[in-house]
Amino acid sequence: MCGIIGIVGVRPVAMRLVEALRRLEYRGYDSAGIALLKDVGIQRIRAPGKLGNLADLVSAAGPTGLIGIGHTRWATHGEANEANAHPHAAGRVAIVHNGIIENFRELRDQLESRGRVFTSETDSETIAHLIDEGLEAGLDARTAFSRTLTQLRGAFAIAALIAGEDDLILGARRGSPLVIGLGDGEMYLGSDALAVGPFTQKVIYLEEGDWCALSRTEALIFTETDTPVSRPTTLVPGAGAAAEKGVYRHFMQKEIFEQPDFSSRTISAYVDAFRGAVELPDQASGRKVDFSAIDRIQIVACGTAYYAGYVARYWFEQLAGVSTDVDVASEFRYRDPVLPPRTLALLVTQSGETADTKAALEYCKARGVLTAAVVNVPTSSIARQADIVFPTHAGVEVGVASTKAFTAQLCALLCLAIAAGRQRGRLTEEDEQRLVTSLLELPRLIGDALKLETDIRPIAVELAKARDVLYLGRGQNFPIALEGALKLKEISYIHAEGYASGELKHGPIALIDERTPVVMTAPFDHLFEKSLSNLQEVAARRGRVLLITDARGRAAAGSAPWAVLETPTCESVLQPLIGVIPLQLLAYHVAVEKGTDVDQPRNLAKSVTVE
C-alpha cells in the first residue's frame, strides 16, 4: 500500500505516471510499477527499490499507452520484490491497491480451488482475479468490479484497468483515500490531491464506500449500493500545503483520518498474514530480542508516546507475563533506576530526537542493558544509537498534537507484546492467529470509529463551554483517558485531567458538578460493571457524563450518561486503539469551536530537543 495514480489520457501516460509517483515518495515505499493499456492487452513495468529503477525501465521500454495506472508499494503481504510489486494482473485485469483485504486467504483458497493460479504473495492479487472471474462469467466491466467490491472485507483504495476497455479506469475506496482529478479531455485518479496535482487543480474527493468509472470526458460515481451520486468539485493548488490538506481544514484532522492507512502500514511491517503470525522486522545491526531471556521491560517515553507505553505495559504483562515498568523520560534517570542485566529498555518516540528520551537511552546503554527504539524516523539519533529499532510507519505528521503516530506506536507495541507472548510460551499458536486476525481488522474498525465525527460535532460545541473536563478510564483504557485529556489541553487550552476511574472517590469526585463534564472511556469488558458504578456516582452528583463505549456498554448504561458515542465492538486488546479515535476527534472539534490554532498550538513544538 502507498501511492496510487491513474490517467485516462489523450497522450502517452507512462512517464507522467512515474512523475506523479515521485510526488508520493514522501509516503515511503519499497517498490513501484505501472500498467499501460495497449492494443494487445496490458503491459506492466515493475521494479523493486527506488523510483529511479522504474524510470530507467520505462525509459528503455518507450511505452506509448494512453491509459495507465501506477503505484508505489509499501510491502504488506510478501517481500519487496518484482513479483509482489504492483500493479497485479489476472487475465484481462490489472489493479493497484492500498490497504489490507482481511479475508484474502479465504478468497484466495476459493479462487485456487476453481483453478486460478497466483503469481505473488500479496492479498492484492486476489482483487484482480475476482474481477477477471466476473468478466469470464459474462459480466460487463463495471458490474464485475462492483460485484468484486461486495466480496472484499477490509480497508482499501483500488484502481483497475481492463484490457479491451480503452476509455475506462475503475476506482473504489473504503477506509483509504482516493480522489478524482478533472482535466481537459483527460481524467485522473490518485491516492491524494498531490498525486493529481501536476495535471489539474480540480478534484473530487470520493466518500466512504464510493466507487467510480472514469473515461476521458466523464467521471461517474456510485455509492457502495451502486446508486449514482454526485460529489462536489474542489479547487486546490497543484502543490503546497493546501493540496496536502486536501478536503480537510487542518493537518490534524487529515492525520486523524489517515489512521486506517498508516495503522495498516505498521501492522503489515510486523505481521505475516498468510501464517497468521507476528514476524519482527530484520535488524540492520543483526541483533534480535529473545523475549524468553528477558525478565523485565523498562519503557521510557514523553507525552503521547508515554501513554502509548503505558498501554503497552498492560499488554506485555497480560499477553507475555513479563514485568513491565513505564517512566516519563524527563524523570527517569533522576531517580537512578535499577536495571537488572536481563532488562529490555524500550524507548518510544515519534521523532527520535526528544532530548529527555535520548538521555534515558544513554543512561540505559551505560548500564549495559539491551535497548530498543520504537520510532517513526529511522534516521534519527535514537534510531541510530539503540541496539534494535522497531519502526512505526506513520509517515510525516505535521500537526503538533500527535494522532496517527500514537496509533502507529500502539500497533507496533501490540505486535511486540504478541511476539513476546509466543516466545515466552504464554500464547499458543492459536492465540497468536486469533490476535493477528483481529489486528488485520483494525484499519476497518478505525474507519468505522471515524464515522462518529458527525455525532461528535454537537457534543464538542457543548464541551467547548467548559472550564474543566475530567477523563476516566480503567485498565488498559486508563492511559487512553490520560491521552484524551492531553489532547484537549494541547489544542483547546481547556484544563483537563485524566484519572483511573477507581480513583474518583479518592479525591476527584469533589470536583464533580453540573459545570464539569466527565468523559469516560468504558468498553464492555470485565471491568465494565465497575466503570458503570463510577458513572452512576458522577450522575448522582449532577455530573454530565459523555460515555464512549460499544453496543453492549451503551445498552447496559441506560439513561445515566448525558451522551454516548458508540464505538465498534472489537477484540479486547484493540479497545485502546479504537477508543482513542473519538477522543482525538472530540479534542479537534472543541479546538475548532474555540478558534485556536489547531496545528500549531501555543507554546508547543513537534520535537522537544531540549530538556
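Trainee: Leaving out residues up to four places away in sequence, which residues does L235 touch in this predicted model, and what makes that a contact?

Mentor: With those sequence neighbours set aside, L235 touches Q201 and K202, and touching here requires heavy atoms within 4.5 Å. Between the C-alpha atoms of L235 and K202 the distance is 4.7 Å, although 33 residues separate the two in sequence.

Trainee: Where is the place of L235, and why is L235 called buried or exposed?

Mentor: L235 has its place in strand β14. Its relative accessible area is 64%, and exposed means over 50%, so L235 is called exposed.

Trainee: What makes A522 count as buried or exposed, and which residues does A522 touch once those up to four places away are left out?

Mentor: A522 has a relative accessibility of 3%, whereas buried requires a value under 20%, and therefore A522 counts as buried. This residue sits in the loop between β24 (518-521) and α18 (528-539), and, not counting residues up to four places away in sequence, A522 touches F528, S531, L547, I548 and T549. Its C-alpha is also 9.6 Å from that of R554, a residue 32 places away in sequence.

Trainee: How do you know which class T126 belongs to, buried or exposed?

Mentor: The relative accessible area of T126 is 0%, and the cut-off for buried is under 20%, so T126 is buried. T126 is part of helix α4, and beyond its neighbours within four places in sequence it is in contact with F104, L107, R108, L111 and F118.

Trainee: Which residues of helix α5 are buried, and what covers them?

Mentor: In α5, which spans residues 141-151, the buried residues are A141, A144, F145, S146, T148 and L149. Their cover includes α4 (125-136), β7 (154-162), β8 (169-174) and β12 (211-214). As background to such a pattern, an α-helix has 3.6 residues a turn, so residues three or four places apart point the same way.

Trainee: Which side-chain oxygen reaches a backbone nitrogen at the start of α5, and what makes such a pair a polar contact?

Mentor: At the start of α5 a side-chain oxygen of D140 comes to within 3.1 Å of the backbone nitrogen of R142; the limit for a polar contact is 3.5 Å, with one atom able to donate a hydrogen and the other to accept it. A second example is the pair T223 and T225, whose side chains are joined by a polar contact of 2.9 Å. T223 is in the loop between β13 (219-222) and β14 (233-235), and, residues up to four places away aside, T223 touches G209, D210, W211, V229 and R231.

Trainee: How many disulfides does a search of the whole structure find, and how do you know that C415 is in none?

Mentor: The search of the whole structure finds zero disulfides. For C415, the nearest cysteine sulfur is that of C411, 6.9 Å away; a disulfide needs two cysteine sulfur atoms within 2.5 Å, so this pair does not qualify. C415 is buried, with a relative accessible area of 0%, and for C212 the value is likewise 0%, so C212 is buried.

Trainee: Which residues show an unusual backbone, given that most residues other than glycine have a negative phi and most peptide bonds are trans?

Mentor: D336 has a positive phi of about 55 degrees although it is not a glycine, and Y493, also a residue other than glycine, has a phi near 65 degrees. The bond joining H86 and P87 is a cis peptide bond, with omega about -5 degrees, and P87 is in the loop between β4 (67-73) and β5 (88-90).

Trainee: Why is D336 called buried or exposed, and what is Y493 called?

Mentor: D336, in the loop between α11 (329-332) and β19 (343-349), has a relative accessibility of 52%; exposed means over 50%, so D336 counts as exposed. Y493, in the loop between α17 (478-492) and β23 (495-500), has a relative accessible area of 27%; that value is neither under 20% nor over 50%, and therefore Y493 is partly exposed.

Methods
Residues numbered from 1 in each chain as written. Predicted model: local features only at pLDDT ≥ 70, side-chain atom pairs only at ≥ 80, totals over all residues. Heavy atoms only, no water. Buried < 20%, exposed > 50% of the residue type's maximum accessible area, 1.4 Å probe, protein only. Helix = DSSP H or I, 4+ residues; strand = E, 2+ residues; numbered from the N terminus.
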